[in-house]
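Here's a quick tour for anyone opening this structure for the first time. Keep the sequence and the 3D view side by side, and look things up as you read.

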Amino acid sequence: MTGSEDLAMQVAGHNLTTLLGYAGIVVLVFALAHWAAMRRGGWRFVRRRLRRELALTVAAFAEPVAALSRYRRRRRLLVRALRGPDTWADAEHALRLAADVAAGARPYAALVERDVVGVLVTCGPELPEPAEPWAVDELDPRLWWIARTDLEVGTGPAPLPVAIGTREDAVVFLDLSAGPRVLAVSGERRGARATVQALAAQLDARLPAGAVTVADGIHPRHAGPSTAEAFTLATTAASSRRHPQVVVCADTPDVPASSPVSVLTLGTPRGHARLLAVSPTGALLVHGTPLRVDARPLPRAVAATVWQLPPWSTEDAAHPGPMAADPDLDPVPEAATHAPASASGSTPGATPAEPAPPAPHDDFDEPADTDKPSGVSVDV
């Protein structure tokens with residue numbers, strides 16, 4: 001045997017030994033894996049567990065992207081709705097028509113979708129059955145739907161709707177003229193403050209000049225009067241004006257039962273009030289009702305449309321008198337009526353010159369930071 005043949009035999013034997021070693025390691029690993037799988041319920045259980053863990057890992061990475069996309073889609077929905085006078089008019093018409101269905105039916109919120117409007121109503125133990133063109137929701141008998149093409153001017157009390165967020169494909173409006181006089185927003189601090197500012201901005205933009213008084217502590221760029229002074233000014237002005245008078249404050253004033261002034265507050269309410277709670281995720285819950293909406297896009301949407309909101313033009317809208325507690329809508333003394341105010345802060349006695357509106361704002365061409373879902377205060 002030559003030297004080259006002997007070297008080839010040694011190399012072949014070394015490769016075979018290495019291959020057998022690797023094969024033994026593979027067999028050992030498989031045996032250990034099989035033993036571990038049997039201890040945990042078998043290979044079928046292990047496969048299900050691996051698929052579940054993989055799905056959770058993928059969802060953890062995909063959720064921030066999906067949340068941002070969902071936020072931007074709902075913000076665009078709000079912007080389009082708030083800019084359109086038809087949206088506000090249809091919400092008001094639906095609320096008034098629902099009030100005409102039965103004497104005991106009191107609508108308090110409207111859900112405006114592309115082709116239909118839903119109205120949430122509260123009533124006594126006898127739930128009225130609306131006739132056509134109304135249709136009762138299959139899951140909630142106190143939610144009535146009507147096609148927007150079937151809407152007409154009703155004879156019910158004049159509502160004062162304000163947008164509070166979105167629910168699925170609907171923009172949700174809360175009627176501040178229905179229910180108690182005090183509307184208190186609580187929960188996550190930054191989200192609650194941003195929500196109050198957005199509600200105040202809508203009211204200040206839609207109501208006549210001087211209807212909304214913003215007290216100190218609501219907005220860092222507005223140093224208004226104290227809560228007591230603001231409430232006194234609004235009470236004085238309410239005696240000579242037919243439109244609502246609203247006070248926006250960080251603390252809750254003492255509101256007499258006969259007061260015609262509505263209060264939107266960040267403070268702890270006393271007596272009969274409507275409570276809105278904002279969670280850290282941006283969900284807004286109206287206590288005492290099934291209403292739960294996404295309020296995160298609201299501050300940005302209002303900031304983009306505040307100069308384009310239609311005025312509150314209900315001609316026969318005398319400010320309604322104080323309402324008694326509604327044990328059905330507000331099972332506990334917690335919810336509040338109108339809740340108005342303005343981020344720009346007007347006082348009832350003065351009628352400041354209205355600033356010139358800025359150039360039309362394109363919602364699809366905003367600074368990059370406006371696409372971030374945030375509950376922080378927005379200067380509206």
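Searching the whole structure turns up six salt bridges. Bear in mind that this is a predicted model. We'll begin with some of those salt bridges, then move on to surface patches, strands and a few unusual backbone spots.

**Salt bridges**

- Let's start in the loops: Arg270 and Asp254 bring their side chains together in a salt bridge, with 3.1 Å from N to O. Arg270 sits in the loop between β10 (261–265) and β11 (273–278), while Asp254 sits in the loop between β9 (245–249) and β10, so this pair ties together parts that are 16 residues apart in sequence.
- Are these two partners buried or exposed? Arg270 is partly exposed, at a relative accessible area of 48%, and Asp254 counts as exposed because its relative accessibility is 61%, where the cut-off for exposed is over 50%.
- Another salt bridge links the side chains of Arg70 and Glu63, at 3.3 Å from N to O. Arg70 is partly exposed at 25% relative accessibility, and Glu63 is also partly exposed, with a relative accessible area of 41%.
- Next up are Arg296 and Asp294, whose side chains form a salt bridge with an N to O distance of 3.8 Å. Both Arg296 and Asp294 are buried.
- That pair has company: a network of salt bridges links Arg74, Asp294 and Arg296.

**Surface patches**

- Which residues make the nonpolar surface patch of about 330 Å²? They are Leu16, Leu19 and Leu20.
- To find this patch, look for Leu16 in helix α1, which covers residues 3–39. Leu16 is partly exposed, and its relative accessible area is 49%. That qualifies Leu16 for a patch, because patch residues need over 30% relative accessible area.
- There's also a patch of positive charge on the surface, where Arg44, Arg47, Arg48, Arg51 and Arg52 gather.
- Arg44 is your way in to the positive patch: look in helix α2, residues 43–83. With 61% relative accessibility, Arg44 counts as exposed.

**Strand β1 and its partners**

- Strand β1 takes in residues 106–112 and is mostly covered, with six of its seven residues buried.
- β1 runs antiparallel to strand β2 (residues 116–122), and six bridges join them. For a specific contact, go to Ala110: its bridge partner in β2 is Val119.
- How many residues lie between β1 and β2 in their hairpin? There are three.
- β1 also pairs with strand β6 (residues 170–175), again in the antiparallel sense, this time over four bridges. Here Ala109 has Leu174 of β6 as its bridge partner.

**Hairpins from β11 to β13**

- β11 and strand β12 (residues 283–286) run antiparallel and are joined by three bridges. Val278 stands opposite Leu284 of β12.
- Four residues lie between the strands of the β11 and β12 hairpin, where Gly282 takes a positive phi near 95 degrees.
- β12 pairs in the antiparallel sense with strand β13 (residues 292–294), over three bridges. In this pairing, Leu284 has Val293 of β13 as its bridge partner.
- The hairpin of β12 and β13 has five residues between its strands, and Gly288 there has a positive phi near 85 degrees.

**Unusual backbone spots**

- A bit of background helps here: most residues other than glycine have a negative phi, and most peptide bonds are trans.
- Where is the cis peptide bond with an omega of about 15 degrees? It joins Glu132 and Pro133. Pro133 lies in the loop between β2 and β3 (135–136).
- Glu168 has a positive phi of about 55 degrees, although it is not a glycine.
- You'll find Glu168 in the loop between β5 (161–167) and β6. At 63% relative accessibility, Glu168 counts as exposed.

Terms used
Residues are numbered from 1 along each chain as its sequence is written. This is a predicted model: local features need pLDDT of at least 70, side-chain atom pairs count only at pLDDT 80 or more; totals for chains, interfaces and linings use all residues. Side-chain values use heavy atoms; hydrogens and water are left out. Patches are made of residues with over 30% relative accessible area and no salt bridge: like charges are joined within 9 Å, nonpolar side chains (Val, Leu, Ile, Met, Phe, Trp, Tyr) within 5 Å. Accessible areas come from the Shrake-Rupley method with a 1.4 Å probe; for residues, only the protein chains shown count as cover. A salt bridge is a side-chain nitrogen of Lys or Arg within 4 Å of a carboxyl oxygen of Asp or Glu. Helices (H or I, at least four residues) and strands (E, at least two) are DSSP runs, numbered from the N terminus. Buried means under 20% relative accessible area, exposed over 50%, partly exposed in between (1.4 Å probe, protein chains only). Two strands pair if DSSP finds at least two bridges between them. Lys and Arg count as positive and Asp and Glu as negative; His and the chain ends are not counted. The place of a charge is taken as NZ of Lys, CZ of Arg, CG of Asp or CD of Glu.
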